[in-house]
Amino acid sequence: MRATPIAVPAFAALLLLTACDTGDGGRADADAKPRSTACSPGAVDMEVGPASVAPAAGDTGEVPVSVTNRGAPCTLDGFPEVRLAGPADTSAVEVRPTEGARAQKLTLAKGGSASFTLTYERGTPGDGSFDAEHLRVGLPGDTGDPGIRTFRWSYGPVAAEVSGGHKVSVSAYQQAGD
């Protein structure tokens, strides 16, 4: 029977351990930034409507927006980024969350959908109402215009509030479908 010298297995084990060394004293995982799972604007489809349009000044309307994931599973964490833009984008109204609404973190599988709703009060032109022409929608955490989607606003002027704002708000995301 032949004995294997102990130096060979010890040397092989040393090589394996050095191959795993990151050279940072084991801090690589602690310092690494977590990979974002936020839904990417390029990986989702958005659709507006059909709306329940406010027919006359003082009436309330609702405009649903659906978001469908076309890519890898992703998350929607927070409220949608929504604003109304006026003629030639010279003015804009940031749409605030609906009073009492609470954002929830939703995970969308490939093909999964979520929706949110804009609720507005129709105003009278010339009384401080905002004459919106476009609805601009971004995803939570979106940092720039490339991810902003623009849709035509054809639901009439948005009524002014006494406090100086406008009577429009956005709900939290809701899971759609199964």
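Two strands are taken to pair if DSSP finds at least two bridges between them. In this predicted model, strand β2 (60-69) is paired on this basis with β8, the two running antiparallel and being joined by 9 bridges. Within this pairing, Gly61 of β2 has Tyr120 in β8 as its bridge partner. Strand β2 also runs antiparallel to β1, to which 5 bridges join it; here Met46 stands opposite Val67 of β2.

The side chains of β2 alternate between two faces. Gly61, Val63, Val65, Val67 and Asn69 point to one face and are buried, whereas Thr60, Glu62, Pro64, Ser66 and Thr68 point to the other and are not buried.

The largest nonpolar core comprises 31 residues, and those with the most contacts inside it are Leu84, Phe116, Leu118, Leu135 and Trp153. Two or more residues are given to this core by each of β1, β2, β3, β4, β7, β8, β9 and β11, with the largest share, 4 residues, coming from β8. In soluble globular proteins, nonpolar side chains tend to be buried together. Beyond residues up to four places away in sequence, Trp153 touches Val63, Leu84, Leu118, Tyr120, Ala132, Glu133, His134, Leu135 and Val158.

The loop between β1 and β2 contains Gly58. This residue counts as partly exposed because its relative accessibility is 45%, a value between the limits of 20% for buried and 50% for exposed. Apart from neighbours within four places in sequence, Gly58 is in contact with Glu121 and Arg122. The C-alpha atoms of Gly58 and Gly123 are separated by 6.2 Å, although these residues lie 65 residues apart along the chain.

Notes
Residues numbered from 1 in each chain as written. Predicted model: local features only at pLDDT ≥ 70, side-chain atom pairs only at ≥ 80, totals over all residues. Heavy atoms only, no water. Core = buried A, V, L, I, M, F, W, Y, C linked by side-chain atoms within 4.5 Å. Buried < 20%, exposed > 50% of the residue type's maximum accessible area, 1.4 Å probe, protein only. Contact = heavy atoms within 4.5 Å.
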